[in-house]
Amino acid sequence: MSKQEVIGKGTWIDKLAWELLEREKSLGRNTKLLKVESGLGASGIPHIGSLGDAVRAYGVKLALENFGFKSELVAYSDDLDGLRKIPEGFPSSLEEHLAKPVSLIPDPFGCHESYGMHMSSILLEGLDRLGIGYEFKRAYDTYRQGLLKEQIHTILVNSEKIGNKIEELVGQEKYQKFLPYFPVCSNCNRLYTAEAYEYLQDEKKIRYKCQDTLIGSKNLKGCGNDGMADITKDLGKLAWKVEFAARWQAFDIRFEAYGKDIMDSVKVNDWVADEILKFPHPHHVKYEMFLDKGGKKISKSLGNVVTAQNWLKYGTAKSILLLLYKRITGARELGFEDIPSLMDEYNELEDIFFGKIKLDNEAKVVKAKGLYQYVNLLNPPKNSSQHVSYRLLIELCKIFKENRLQLVTKKLLDYGTIKNIDSQIEELIVLAGNFADDFDTQQKIEIKLDGSLKKALQEIADFLSSENEPQYIQNSIYQISKANNIEPKDLFKTLYQIMLSTDRGPRIGPFINDIGRKKVAQTLYSYAR
RNA sequence: GGGUCUGUGGCGCAGCCAGGUAGCGCACCGGACUUUUAAUCCGGUUGUCGUGGGUCCAAAUCCCACCAGACCCGCCA
């Protein structure tokens, strides 16, 4: 390759941070503190995509710090968003709270102060477990404290201009008719039903009428209240099409990533920031949504979602960070089945980092080492850990269900895969064990037993019940099959079916010995009857 | 209507965003170990990188056009 200066650690994150710095330089802005932002939805279960937004923003923060600048990640919870759909698996009692801001809805699980905080907490806990630091902010506080009042005022004063521009940019006509502000009805607490029709500039108040409105296909009842909202302290919120811009300026945000589903909103917000608020919009990067394996967008309102918490049952925090840092472009169908390869890929990166694997392409080495450092949040370990293929662990865990930790480690030592047992290995076995238990989708095989097979099983069980050397177990099975005129193949198959629910498996003599011959004998007796 | 992404052995995908020998998993074949199954280990086969142009000493990778599929937006946030 042509020699090119390596930027930072040589990853896309560094390149992005570099672009950001170049832009700030040309804007001539103060670069004392470069804040990056991530918006957290608070109305649905936060899946790994929401997490990714924050994790990647944090990566940019790290890159900026690596370049010698101060940076901070603002995690902003959109908890004034109204509840529009009840997520699957949530109580239908939420029905009465539809259209209310999620921060004004009681937590259906009773563990947090509101529905919104319940959802946000799931995401924040995920960030904590990944070691991501952030400053938490909420829409609720932001509006209550009037932090956006200047911006709201400017936007409302210019609402006609903005409405026309929105139509021009993205073809949405709505804001040519309505103000881009949703008050929360002081009478019924609902958002969306309260239609803002007049802004009283001098008083900084909005007149609204609470009336029936359509959300999706659902008709929501308004309460008829004819009210007034003070934009400096009452609850309510700017429409998304203009809200980011207000926030960017109020919080002095210099970077925000976004998913392609809100591309249009970002386009409008950039314009509003630049032209209306006179605050040069933050640098952006667009990322693809994570899709589930069917190719559908992961819906936050659906249950059974790939959350950080679910992922961490099977994979390490580093496997999530690797997923999110390895690249930003490209559509990704994501599922738990991606965990094994990410787990193994991390080991490979570690080997490259510590020089155990040589690559001939120097540029790729730099990139791999850089990625490894980001996955370790730019604080890589001093020494390489012991590596075991995660796939191998899964195979072993499928076989050993009881006494798993002990039996799997014994096998690993036998194979010579590891030299000694350490806590990391034990942790991996637990993770791989969970994976094996939850995703070993081999359907139960119907076991057909005729008379001679039953007799053979009986004999094997008898043999196992007596004291014999382990190495004879394998042999005895051959003998018993011959004595009963059964193909050894069929007898082995039956044994695997009984013990593992598969047609194949590990060498059976030592295996029986490992799980305990008495226990196997009991199982076989029950089938021989 | 607007936009984005994807297209790589039989299947599923990585590599593309900083061009330099086309890779991984599964499957398949052979070997080792084993008293003929299999786990595991070692080795191997499988490709005009969607099509057509362009840039370049060099393109799966960058640019343009086209074809096909998926998704998002055009309610709302």
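## Packing of helices α12 and α14

In this predicted model, helix α12, which spans residues 339-353, and helix α14, which spans residues 390-399, have axes that come within 8 Å and cross at roughly 130°. Because angles over 145 degrees count as roughly antiparallel and 65 to 115 as roughly perpendicular, with the rest beyond 35 degrees classed as oblique, α12 is oblique to α14. Two packed helices are described in general by the angle between their axes together with the distance between the axes.

The contact brings Pro-340, Met-343 and Asp-344 of α12 against Tyr-390, Arg-391 and Ile-394 of α14. By residue class, the contact of α12 with α14 divides into four nonpolar residues, no polar ones and two charged ones.

## Strand β2 and its parallel partners

Strand β2, formed by residues 70-78, is mostly covered, with seven of its nine residues buried. Strand β2 pairs with strand β1, residues 33-41, in the parallel sense over nine bridges, and within this pairing Val-36 has Leu-73 in β2 as its bridge partner. Strand β2 also pairs with strand β3, residues 135-138, again in the parallel sense, here over four bridges; in this second pairing, the bridge partner of Ser-77 is Arg-138 in β3. In a regular strand, the side chains alternate between the two faces of the sheet.

## Connections through helices α2 and α3

The pairing of β1 with β2 is accompanied by a helical connection, in that β1, helix α2 (residues 48-66) and β2 make a right-handed β-α-β unit. A further right-handed β-α-β unit is made by β2, helix α3 (residues 115-130) and β3, and strand β2 therefore takes part in both units, as the second strand of the one and the opening strand of the other.

## The antiparallel sheet β5-β6-β9

Elsewhere in the chain, three strands form an open sheet in the order β5-β6-β9, and their pairing is antiparallel. Strands β5, residues 194-200, and β9, residues 226-230, are the edge strands, each of them pairing on one side only. From one strand to the next, the twist averages 30°.

Within this sheet, β5 is joined by six bridges to strand β6, which covers residues 205-210, and the two run antiparallel. At the level of individual residues, Ala-196 has Tyr-208 in β6 as its bridge partner.

Methods:
Residues numbered from 1 in each chain as written. Chains lettered and ligands numbered in written order. Predicted model: local features only at pLDDT ≥ 70, side-chain atom pairs only at ≥ 80, totals over all residues. Buried ≥ 20, exposed ≤ 12 C-beta atoms within 10 Å, placed from the backbone. Pairing = 2+ DSSP bridges. Axes fitted to C-alpha atoms, helices over the stretch in contact; angles between N-to-C directions. Contact = placed C-beta atoms within 7 Å. Nonpolar A, V, L, I, M, F, W, Y, C, P; charged D, E, K, R; others polar.
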